[in-house]
Amino acid sequence: MASFPYLDEAQLKSRKVQYLAQKSVAAASQIQELLDFLNSFKVQVGILGEHRAGVTMLVEALLSKPRPVTNLFAYFREAQQPTLSAEVHVHPTFPHLVLHDLPGFEAAEKPAAYLKKLGDLEQFSCFVMVVGTRGFTDVHLQVLKAIKQRKKAFFVVRTKIDLDLHTAGRRLRYRHNPAEQMSQIRKELSETLTKDGLEAKKIFLVSGLQTERYDFAWFEDSLEGEMLNLKGHQEGTLKDFHSVSQKMVKDLFDICKFNSLADVPTVIQHMLTNPTQIHLNVALIGETGSGNSSLINALRRVGPEEPGAAPTGVAETTRKATAYPFPSIPNMFLWDLPGVGLREDDVKCLDLSRYSIFLLVASERYKHIHSCLAKIIASEGKQSFFVRNKIDVDMEAQGGNQPKLKEKLQEQIRKRCVEALKNDGVDCPVFLVSSFIAEAYDLPLLREELQKQASEWKRKALRRVIPTVFSQLVRLKSKVLMKDVWGKTLQVGLSSVDELKETVVEKILAIITTFCIHLGLNETSIVNTAQRTGKAAHLLQEQIQSRFARPMHSTEVLNLIVKSPSWNSWAWSYVPYWGQGSNVEATISVKNVYNLLKQAVVELSEDAERLLLAAFSED
């Protein structure tokens, strides 16, 4: 999709001078309206915070110009140069959104002195307060109070969250839950604000080095939504989806950039039909010493001394989550997780979001901790299996050498496990296995079950994230379209100087038609989507609610983009005799054109998301 060249003020002023030289006063007046439009629609956002909190890095991320890091050690060793004077940047997608990288402050700086340094706060529409790892200082709070007194909206962005989570992960090990850690940081920041009578629009936890993770996309979306009245989307980014292969992510990103969203169903349907490229993560989790690592080797038919085997031993050998490919099933991985403790709080701290299937491994006997795990897994709509490991040890201890006695003992152990789980309100399959006698007991059945169900589990893993995938794809596509709305508006405004209104309306209708094609909402795209997904075309058509997706009459568009005549002109036209010949014809309003095209992108994007979700809904 070709971008319209951006018209700056200098070009427009030059065009105005040309019209004045040609005695075209009316044309020059319309050029002046364009200039007024440029200035009146600018939205000023002040971004500020303590020195070395990462303000400039956040601004660079918003500008889609991340700072290249070639030497990570040197990057953290070198002190960042503080911003000493305001730096102004124009947003790359929305030229009327202006970001001000304001001077930072030192922790010991006097709030009054810093406020004086900032100057007039009235010029800003909104503020972003950046907070580093040390949290709020008195300067932060006093500046926010000054912002609140002026009735300005503000967001709070906590930077360097990646460093916090890395440190917490090293300290807490298996009890480390990033989501819970982030929730705690957010809660502490919110409580500090509330204590001082402040309330931010939202609190975001971000990393300037990893904008594809954490809250950055949510922050960017919320800022644009607050300032430009754009629709917000679901949280999360495509790179967070562990079930989506990198090849698929690249294909989807390319569609958003260069093609129509009507091509998305082809990619998704291919993945569902042939789920080879979908990642499936199976987690083995249990107490330390329950034999997770040995079980992984047995399931993979790998000896403990062979290359690629999971390390085993009497002492704890698994200190961090490690993935091992499952043979014969592409992109299926068995994850050896560090052993959990016996406390229920230890279970609640676990981050289980990246896994689709869970093997709850126990040795010696069932414990309540296994039910706690199973309930948490079930609450997320995921499958778990109870695996009673080291069953050979029980057989030997109870004299189960004779086949009949052996079978009887197995059924007794299985029954006790099933009953214990049901008493705790858990219903899941039970397997009795021995990691050292790989082809005995239930281990072959467990391996067979994993192989048999893998494709269906992969499809479920993809379907689970489809709503967020579609939300993010539509978000990306709408940004691609919105990037050109500003340029298109100025081009339409400029063309209206010399062309008839009918011609201008035709251009606007052509632009809206292009939006429909790029969002997969034209008739051909809907029919193709219906054929690829097996849905009825009329059911998909019902998801489209925007008037912009239907044929619009030129008169309707003209009424939306013209500028109403002034009250004096309107009143004068009714004065007998003198007012009969007065011309009260409305002129095209550039502001109305912009609002029309922007609203078209917003409404059509909502329709596109609804249509895609309906196309892949499970009847």
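Visitor: Buried means under 20% relative accessible area, and exposed means over 50%. With that in hand, what share of the 619 residues of the chain counts as buried?

Guide: In this predicted model, 50% of the 619 residues count as buried. The accessible surface of the chain comes to about 30200 Å², and carbon and sulfur atoms account for 51% of that surface.

Visitor: And how many helices and strands are in the chain?

Guide: The chain has 23 helices and 14 strands. If you look at contacts between residues with a separation of 6 or more, 73% of them join residues that are 24 or more positions apart.

Visitor: I can see a sheet. What is the order of its 6 strands?

Guide: The sheet is open, its pairing is mixed, and the order of its strands is β2-β3-β1-β4-β5-β6. The edges are formed by β2, residues 87–90, and β6, residues 203–205, each of which pairs on one side only. On average, and with direction ignored, neighbouring strands of this sheet are turned by 25° against each other.

Visitor: Which helix packs on the sheet?

Guide: That is α6, residues 138–149, which touches β1, β4 and β5, and whose direction makes about 170° with that of β4.

Visitor: OK, back to the strands. In what sense do β1 and β4 pair?

Guide: Strand β1, residues 43–49, and strand β4, residues 126–131, pair in the parallel sense, with 5 bridges between them. To find one of these on the model, start at G46 and look for F127, its bridge partner in β4.

Visitor: C126 is in that stretch too. Is C126 buried or exposed?

Guide: C126 has a relative accessibility of 0%, and because buried means under 20%, C126 counts as buried. Another cysteine, C516, is also buried, at 6% relative accessibility.

Visitor: How many disulfides does the structure hold?

Guide: The structure holds 0 disulfides.

Visitor: New topic: E109. Where is its place, and why does E109 count as buried?

Guide: E109 sits in the loop between β3, residues 97–101, and α5, residues 111–118. Its relative accessible area is 19%, and since the cut-off for buried is under 20%, E109 falls on the buried side. Leaving aside residues up to four places away in sequence, E109 touches G104, Y114, K117 and V139.

Visitor: What about helix α3, how many of its residues are buried?

Guide: Helix α3 covers residues 55–62, and 7 of its 8 residues are buried. Those residues are V55, M57, L58, V59, E60, A61 and L62. After α3 comes S64, which has a positive phi near 60°.

Visitor: Why point out a positive phi?

Guide: Most residues other than glycine have a negative phi, so a positive value deserves a second look. K151 has one, near 60°, and lies in the loop between α6 and β5. Y441 has one as well, near 55°, in the loop between β12 and α17, residues 443–498.

Visitor: Are those two, K151 and Y441, buried or exposed?

Guide: K151 has a relative accessible area of 78%, and because exposed means over 50%, K151 is exposed. Y441, by contrast, counts as buried, at 17% relative accessibility.

Visitor: Which strand is β8 joined to?

Guide: Strand β8, residues 322–325, is joined by 4 bridges to strand β9, residues 332–336, and the two run antiparallel. Within this pair, P325 stands opposite F333 in β9. The hairpin of β8 and β9 has 6 residues between the strands, and S328 in this hairpin takes a positive phi near 75°.

Visitor: Last topic, the rings. How many aromatic pairs does a search of the whole structure find?

Guide: The search finds 11 aromatic pairs. F385 and F431 form an edge-to-face pair, with 5.8 Å centre to centre and 65° between the planes. This pair links distant parts of the chain, with F385 in strand β11, residues 383–389, and F431 in strand β12, residues 430–432, which places the two 46 residues apart.

Visitor: And is F385 buried or exposed? Same question for F431.

Guide: F385 counts as buried at 3% relative accessibility, and F431 counts as buried at 10%.

Visitor: Which residues form the aromatic cluster?

Guide: F155, F204, F216, W218 and F219 form one aromatic cluster.

Key. Residues are numbered from 1 along each chain as its sequence is written. This is a predicted model: local features need pLDDT of at least 70, side-chain atom pairs count only at pLDDT 80 or more; totals for chains, interfaces and linings use all residues. Side-chain values use heavy atoms; hydrogens and water are left out. Two strands pair if DSSP finds at least two bridges between them. Axes are lines fitted to C-alpha atoms, for helices over the stretch in contact, and angles run from 0 to 180 degrees between N-to-C directions. Contact means heavy atoms within 4.5 Å. Buried means under 20% relative accessible area, exposed over 50%, partly exposed in between (1.4 Å probe, protein chains only). Accessible areas come from the Shrake-Rupley method with a 1.4 Å probe; for residues, only the protein chains shown count as cover. A disulfide is a pair of cysteine sulfur atoms within 2.5 Å. Rings of Phe, Tyr and Trp (its six-membered ring) pair if their centres lie within 6.5 Å; planes under 30 degrees apart count as stacked, over 60 as edge-to-face and the rest as tilted.
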